[in-house]
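Here is a short report on how the strands of one protein model fit together. Look at the structure first, then read on.

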Amino acid sequence: MTETAHSLPVEETIDVLREELRQLAPAEREAKAVQLLSVLGRAKATQASVLASLEEPGIRRSPLLICDWAADLGLDGTTQQLGITMAPGPTRVSKTADATGRSLLSSGHVGADILHVPAGSGFAPHTHPGDHLLFVLAGTGTIAVAGEIVETRPGQVYMVEGAVTHAVGAVTDHMILAVGAPHRHLDSPERQELTAYTALLGDLGRITCRLCDIAASSGEELAANGCPHSPHRFG
């Protein structure tokens, strides 16, 4: 189904999806439409248009999408315990060597995924459409942006404007809950656009690793001075 859709112009793709979705039971229809339109990277308005044309009289689609992303381990005093599996996901993230993930849910406009980044690997310098909220679930990592490499750890959430070049690394095996708008599927080539390493440098043309307290004018220079955290290794 998706192979046929990808080979057609946008308008014909939507027509093909609409006809094939009509053959599904109403309970299956919305979930499949959300999945397909997320893969195709369609805007929220397109999704709404397709779904609206499929609705039957007297049937309203649910406004709620819900999924389980961690195990409820109960309360320890006043602290809620969550269980998170430290394991690679079923889908390789586009334009990365080792990062994988698991899609949680998507409206076609906003969505969430869990990412697994093996120790020593990461996301090369990139930009992407819209912004991402990144919740650190497990393991230590790094975020490189605007001339700095900074450590990230469980319990933190951070955000970088999508149009600003940044890179995400894993010091140890690293798990992140990523919420993005607009949402792009994990294996979509539109999820990120790789950029030159120089776009990470600060105003003085240098980058500083705050973990190692080492500054340099390139990733290779950082590595030569003993820093293992430069994202030039991820390209």
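Lys 95 is found in the loop between β3 (91–92) and β4 (100–106). Strands and helices here are DSSP runs, numbered from the N terminus: at least two residues (E) make a strand, at least four (H or I) a helix. Lys 95 has a positive phi of about 65°, although it is not a glycine. At 32% relative accessibility, Lys 95 counts as partly exposed. The cut-offs are these: buried is under 20% relative accessible area, exposed is over 50%, and partly exposed lies in between (1.4 Å probe, protein chains only).

The model is predicted: local features need pLDDT of at least 70, side-chain atom pairs count only at pLDDT 80 or more, and totals for chains, interfaces and linings use all residues. Residues are numbered from 1 along each chain as its sequence is written, and side-chain values use heavy atoms, with hydrogens and water left out.

**The open sheet**

Now the sheet. In what order do the 6 strands of the open sheet run? The order is β3-β4-β5-β12-β7-β10, and the pairing is antiparallel. The edge strands are β3 and β10 (157–160), and each pairs on one side only. Two strands pair if DSSP finds at least two bridges between them. Strands of a sheet pair through backbone hydrogen bonds, either parallel or antiparallel.

Strand β12 covers residues 174–181. Of its 8 residues, 6 are buried, so β12 is largely enclosed by the rest of the structure. Strand β5 (residues 111–117) pairs with β12 over 7 bridges, in the antiparallel sense. Strand β7 (residues 131–138) is also joined to β12 by 7 bridges, and these two run antiparallel. Met 175 in β12 stands opposite His 116. Met 175 is the bridge partner of Ala 138 as well.

Next comes the edge at β10. There, 4 bridges join β7 to β10, and the two run antiparallel. Phe 135 stands opposite Val 157 in β10.

**The hairpin and its parallel partner**

Strand β8 (residues 141–145) and strand β9 (residues 148–152) pair in the antiparallel sense. The hairpin of β8 and β9 has 2 residues between the strands. One residue of that loop is Ala 146. Is Ala 146 buried or exposed? It counts as exposed, because its relative accessibility is 57%. Phi of Ala 146 is near 50°, a positive value in a residue other than glycine.

Strand β9 also joins strand β14 (residues 207–209), and these two run parallel. The table lists pairs of residues and their bridge counts by strand.

| Strands | Bridges | Residues opposite |
|---|---|---|
| β8 and β9 | 5 bridges | Ile 143 and Val 150 |
| β9 and β14 | 2 bridges | Ile 149 and Cys 209 |

Thr 208 is found in strand β14. At 15% relative accessibility, Thr 208 counts as buried. Which residues does Thr 208 contact, leaving aside its neighbours within four places in sequence? They are Gly 147, Glu 148, Ile 149, Ile 214 and Ala 215. Contact means heavy atoms within 4.5 Å.

**A cis peptide bond**

Most residues other than glycine have a negative phi, and most peptide bonds are trans. The peptide bond from Ala 181 to Pro 182 is cis, with omega near -5°. Pro 182 lies in the loop between β12 and β13 (193–194).
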